[in-house]
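Here is a short structural report on a single chain. Please keep the sequence and the model in view while reading.

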Amino acid sequence: MRWDRPDVFVCYASGDEAVADTVVAVLEQDGLDCWVSPRDVIPGHVYGEDIVAAIHAARVVVLLLSARANASPTVMRELERAVSGGLPIVPLRLEEVEPSGELTYYLTDAHW
């Protein structure tokens, strides 16, 4: 993991990796430093600790919203850490899906 301050923490569910890779590639082409798991987790480190550290170091979280993300406990944990750290969350809707109750709670202040 890069321990400097990443611009963007990319939050997505398993199964949406191909889209996440594309989003990261576009953002990084535009000069934004992205942190994405598992790419940026340091081998041998505790996975969850690296994720929490990356969220706290980031400037913004980009959520890839899909049915998978809507049902993912990992996505919910990452968003909870982002909200508790006061980070802005920018949702990027991948498909026509309404956020679940818990996800709606975390996205209350998000700009769509």
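The report goes from the overall fold to the sheet, the cores, one helix, the cysteines and one peptide bond.

## Overall fold

This is a predicted model. The chain holds 5 helices and 4 strands. Read from the N terminus, its elements follow the pattern β-α-β-α-β-α-α-β-α.

The C-alpha atoms occupy a box of roughly 35 × 30 × 25 Å along the principal axes. A compact globule of 112 residues would have a radius of gyration near 13 Å, and the chain agrees with this at 13 Å. Of the 112 residues, 46% count as buried. Long-range contacts carry much of the fold: among contacts with a separation of 6 or more, 76% join residues 24 or more positions apart.

## The sheet

The 4 strands form an open sheet in the order E2-E1-E3-E4, with parallel pairing. E2 and E4 (89–93) are the edge strands, and each pairs on one side only. E1 and E3 are parallel and share 4 bridges. One partnership here sets Cys 11 against Leu 63 in E3. On the other side, E3 and E4 run parallel and are joined by 5 bridges. Across that pair, Val 61 stands opposite Ile 89, and Val 62 stands opposite Val 90.

How many residues of E3 are buried? The count is 6 of 6, so E3 is largely enclosed by the rest of the structure. Val 60, Val 62 and Leu 64 point one way from the strand. Val 61, Leu 63 and Leu 65 point the other way. Both sets are buried.

## Two nonpolar cores

In soluble globular proteins, nonpolar side chains tend to be buried together. The largest nonpolar core here has 23 residues. Within that core, Phe 9, Val 61, Leu 63 and Leu 79 touch the most other members. At least two residues each come from E1 (8–11), H2, E3 (60–65), H4 (73–84) and H5 (101–106). H4 gives the most, with 4 residues.

Val 61 shows how these parts meet. Beyond residues up to four places away in sequence, Val 61 touches Phe 9, Cys 11, Leu 79, Ala 82, Leu 87, Pro 88, Ile 89 and Val 90. A second core is separate and has 12 residues. Its members include Val 8, Ala 20, Cys 34 and Val 36.

## Helix H2 and Ile 55

Which residues of H2 are buried? They are Asp 50, Ile 51, Ala 54, Ile 55 and Ala 57. These residues lie on the same side of H2, because they cover an arc of only 165° around the axis. The buried residues of H2 pack against E1, E2 and H4.

Ile 55 is a useful example from this helix. Ile 55 has 0% relative accessibility and therefore counts as buried. Setting aside neighbours within four places in sequence, Ile 55 contacts Phe 9, Glu 78, Arg 81, Ala 82 and Leu 87. Ile 55 and Val 10 are 45 residues apart along the chain, and 9.1 Å separates their C-alpha atoms.

## The cysteines

A disulfide is a covalent bond between the sulfur atoms of two cysteines. The count for this model is 0 disulfides. Cys 11 is in no disulfide, and its nearest cysteine sulfur, that of Cys 34, is 13 Å away. Cys 34 is likewise in no disulfide, with the sulfur of Cys 11 as the nearest one at 13 Å. The cut-off for a disulfide is sulfur atoms within 2.5 Å.

Are these two cysteines buried or exposed? Cys 11 counts as buried, because its relative accessibility is 0%. Cys 34 also has 0% relative accessibility, so Cys 34 counts as buried.

## A cis peptide bond

Most residues other than glycine have a negative phi, and most peptide bonds are trans. Where does this model have a cis bond? The peptide bond from Ser 37 to Pro 38 is cis, with omega near 0°. Pro 38 sits in the loop that runs between strand E2 (34–35) and helix H2 (47–57).

Methods:
Residues numbered from 1 in each chain as written. Predicted model: local features only at pLDDT ≥ 70, side-chain atom pairs only at ≥ 80, totals over all residues. Heavy atoms only, no water. Core = buried A, V, L, I, M, F, W, Y, C linked by side-chain atoms within 4.5 Å. Buried < 20%, exposed > 50% of the residue type's maximum accessible area, 1.4 Å probe, protein only. Contact = heavy atoms within 4.5 Å. Arc of directions from axis to C-beta. Pairing = 2+ DSSP bridges. Rg over C-alpha atoms; globule rule 2.2 N^0.38 Å.
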